[in-house]
Amino acid sequence: MTEKKVPFIEVKNLVVHYTSEGREIHAVNDVSFSLEKGRTLGLVGETGAGKTTIAKSILRILPEPPAHVDGGEICLEGKNLLELHNDEMRKIRGKRISMIFQDSMTSLNPVLTIGRQLEETISVHNHLSKEKIKEQALDILTKVGVSSPERRLKEYPHQLSGGMRQRVMI
């Protein structure tokens, strides 16, 4: 008898609506999919089809209100993310699952250096010394192909190209 492999992420019958001016807008209706660890999945559809709403639902970063998850499950390795407390989600978000927005400028804080933002993210998920955190930030920038990583840590988002900003987000 073979053991059933638990998917890395599984969305089951997800339903999300938005409320606007007293009206209910159904953004996601009964969406289901699963993804094995190490695999890639692309969500494709027209503008307004619900792709971002699905991704934000998985990360639990939908603005409530006006958005509301009305049904379904979102499981990360078998654990339903919709049932977790915010503190538990914060530990998962950015470490186990994350989202890279198309417009990376809206994801980066324009008044903080790239280094400060990367180092803050690393420190939230790891208990390391400042030196080790900076070392990891440099390593991350090198791995994603950002040229002159030492210099880039001191720069602000507007000083990087769009492609570099997206690599920082990765």
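Start by selecting Lys56, Ser57, Arg60, Ile61, Leu62, Glu64, His68, Val69, Leu82, Asn86 and Arg93: together they line the second largest pocket of this predicted model. Show them as sticks and you're looking at the walls of about 160 Å³ of space. Colour by class next, and you should get four nonpolar, three polar and four charged residues. Two elements, α1 and β3 (67-76), each give two or more residues to this lining.

**Next stop: Asn80**

Now click on Asn80, which sits in strand β4. Is Asn80 buried or exposed? Its relative accessibility is 11%, and buried means under 20%, so Asn80 counts as buried. Turn on distances and follow its side chain: the backbone nitrogen of Leu82 is reached at 3.0 Å, and the backbone nitrogen of Ile74 at 3.4 Å. Leu82 should look familiar, as one of the residues lining the pocket you just left. If you leave out residues up to four places away in sequence, Asn80 touches Glu73, Ile74 and Cys75.

**Along to His85**

Move on to His85, in the loop between β4 (79-80) and α2 (86-92). Here the relative accessible area is 60%, and the cut-off for exposed is over 50%, so His85 counts as exposed. For a sense of scale, draw a line from its C-alpha atom to that of Ser123: the two are 38 residues apart along the chain and separated by 21 Å.

**The largest pocket**

Time for the largest pocket, with about 1,900 Å³ of space. Its lining has 49 residues, so begin at the middle: Ile97, Ser98, Met99, Ile100 and Met169 are the closest to its centre. Then colour the elements that give two or more residues to the lining: β2 (23-35), α1 (51-59), α3 (114-125), α4 (130-143) and α6 (162-169). Which of them gives the most? That's α3, with seven residues. Switch to colouring by class and the lining divides into 25 nonpolar, 16 polar and eight charged residues.

**Last stop: α6**

Finish on helix α6, one of the elements in that lining. Select Met164, Arg165 and Val168, which are buried. Look down the helix axis and you'll see why they make a set: the buried residues of α6 fall within an arc of 100°, so they line one face of the helix. An α-helix has 3.6 residues a turn, so residues three or four places apart point the same way. To see what the buried residues of α6 pack against, show α3, α4 and α5 (149-153).

Notes:
Residues are numbered from 1 along each chain as its sequence is written. This is a predicted model: local features need pLDDT of at least 70, side-chain atom pairs count only at pLDDT 80 or more; totals for chains, interfaces and linings use all residues. Side-chain values use heavy atoms; hydrogens and water are left out. On a 1 Å grid over the protein atoms alone, a cavity is a set of points where a 1.4 Å probe fits but cannot get out, and a pocket is an open set with protein on both sides within 12 Å along at least five of seven lines; lining residues have an atom within 4 Å of a point. Grid points are joined across faces, edges and corners, and a volume is the space filled by probe spheres set on the points. Helices (H or I, at least four residues) and strands (E, at least two) are DSSP runs, numbered from the N terminus. Ala, Val, Leu, Ile, Met, Phe, Trp, Tyr, Cys and Pro count as nonpolar, Asp, Glu, Lys and Arg as charged, and the others, Gly among them, as polar. Buried means under 20% relative accessible area, exposed over 50%, partly exposed in between (1.4 Å probe, protein chains only). The arc is that of the directions from the helix axis to the C-beta atoms. Contact means heavy atoms within 4.5 Å. A polar contact is a pair of N or O atoms within 3.5 Å; within protein, one must be able to donate a hydrogen and the other to accept it, and residues adjacent in sequence count only if both atoms are side-chain atoms.
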